[in-house]
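User: I would like to go through the labels attached to this model and ask, for each, what justifies it.

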Amino acid sequence: LDGRFVVNPRSKVFDVRKAPTAVLTSIRSLKKYRRKAVLLEKYGVQVFGLDGGPWLRARPILRTLADLGISSVLVEGGSRTIQTFLEDRFFAKVHCFIAGKILGAGLPAFALDPRRLSRAFIIAKPQVRLIGEDVLFEGNLA
């Protein structure tokens with residue numbers, strides 16, 4: 001996922017010999033960087049332009065993936081990517097790693113509007129495990 005289409009087309013992630021690869025970006029960015037899309041397609045990468053701005057929404061992402069025959073997705077991303085899947089409730093399970101380091105204020109993990117308790121996401125059967133020096137919190141959406 002790259003709504004602004006700033007990926008480096010020569011990155012190893014685009015080695016389609018290892019796995020089929022697709023890039024989902026915004027239509028606007030796809031038009032702006034058409035030469036990059038042509039180069040990626042030459043390498044065998046599928047490139048899709050989705051409605052919306054630089055922050056892609058979950059529904060068109062999942063619709064495009066479903067058209068490719070993909071029915072299960074692991075979403076690992078920044079706060080805005082996670083936000084769209086949470087807000088649209090397109091998730092069944094949460095795996096949240098918490099590093100064993102304190103750096104200060106940092107960036108928010110989720111770019112959600114402040115929630116009322118009545119609108120909170122409820123995680124059923126939560127489990128907490130120590131993985132090395134990090135903590136893994138996981139559970140299913142209730």
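The exchange below takes up salt bridges, exposure classes and a sheet in a predicted model.

User: Why is the contact between Arg 57 and Glu 87 called a salt bridge?

Analyst: The label requires a side-chain nitrogen of Lys or Arg within 4 Å of a carboxyl oxygen of Asp or Glu, and the closest N and O atoms of Arg 57 and Glu 87 are 3.6 Å apart, so the pair qualifies under that cut-off. Arg 57 sits in the loop between β2 (46–50) and α3 (58–67), while Glu 87 belongs to helix α4 (residues 79–87), and the two are 30 residues apart.

User: What makes Arg 57 and Glu 87 partly exposed rather than buried or exposed?

Analyst: Buried means under 20% relative accessible area and exposed means over 50%, with partly exposed in between. Arg 57 has 34% relative accessibility and therefore counts as partly exposed, and Glu 87, with a relative accessible area of 29%, is placed in the partly exposed class as well.

User: Which parts of the chain does the salt bridge between Arg 57 and Asp 88 tie together?

Analyst: The side chains of Arg 57 and Asp 88 meet at 3.2 Å, N to O. Arg 57 lies in the loop between β2 and α3 and Asp 88 in the loop between α4 and β3, so the salt bridge ties together parts that are 31 residues apart in sequence. Asp 88 has a relative accessible area of 27% and is therefore partly exposed.

User: How do you know that Arg 129 and Glu 138 form a salt bridge, and which of the two is buried?

Analyst: Their side chains meet at 3.0 Å, N to O, and the limit is 4 Å, so the contact satisfies the rule. Glu 138, at 8% relative accessibility, falls under the 20% limit and therefore counts as buried, whereas Arg 129 has a relative accessible area of 42% and is partly exposed.

User: What joins Arg 57, Glu 87 and Asp 88 into one network?

Analyst: Salt bridges that share partners join these residues. The count for the model comes to five salt bridges.

User: What makes β3 and β4 edge strands?

Analyst: The open sheet has three strands in the order β3-β5-β4, with antiparallel pairing, and β3 (93–98) and β4 (123–131) each pair on one side only, which is what makes them edge strands. The twist averages 15° from one strand to the next. β4 and β5 (residues 134–141) pair over seven bridges in the antiparallel sense, and the bridge partner of Arg 129 in β5 is Leu 136.

Note on methods. Residues are numbered from 1 along each chain as its sequence is written. This is a predicted model: local features need pLDDT of at least 70, side-chain atom pairs count only at pLDDT 80 or more; totals for chains, interfaces and linings use all residues. Side-chain values use heavy atoms; hydrogens and water are left out. Two strands pair if DSSP finds at least two bridges between them. Helices (H or I, at least four residues) and strands (E, at least two) are DSSP runs, numbered from the N terminus. Axes are lines fitted to C-alpha atoms, for helices over the stretch in contact, and angles run from 0 to 180 degrees between N-to-C directions. Buried means under 20% relative accessible area, exposed over 50%, partly exposed in between (1.4 Å probe, protein chains only).
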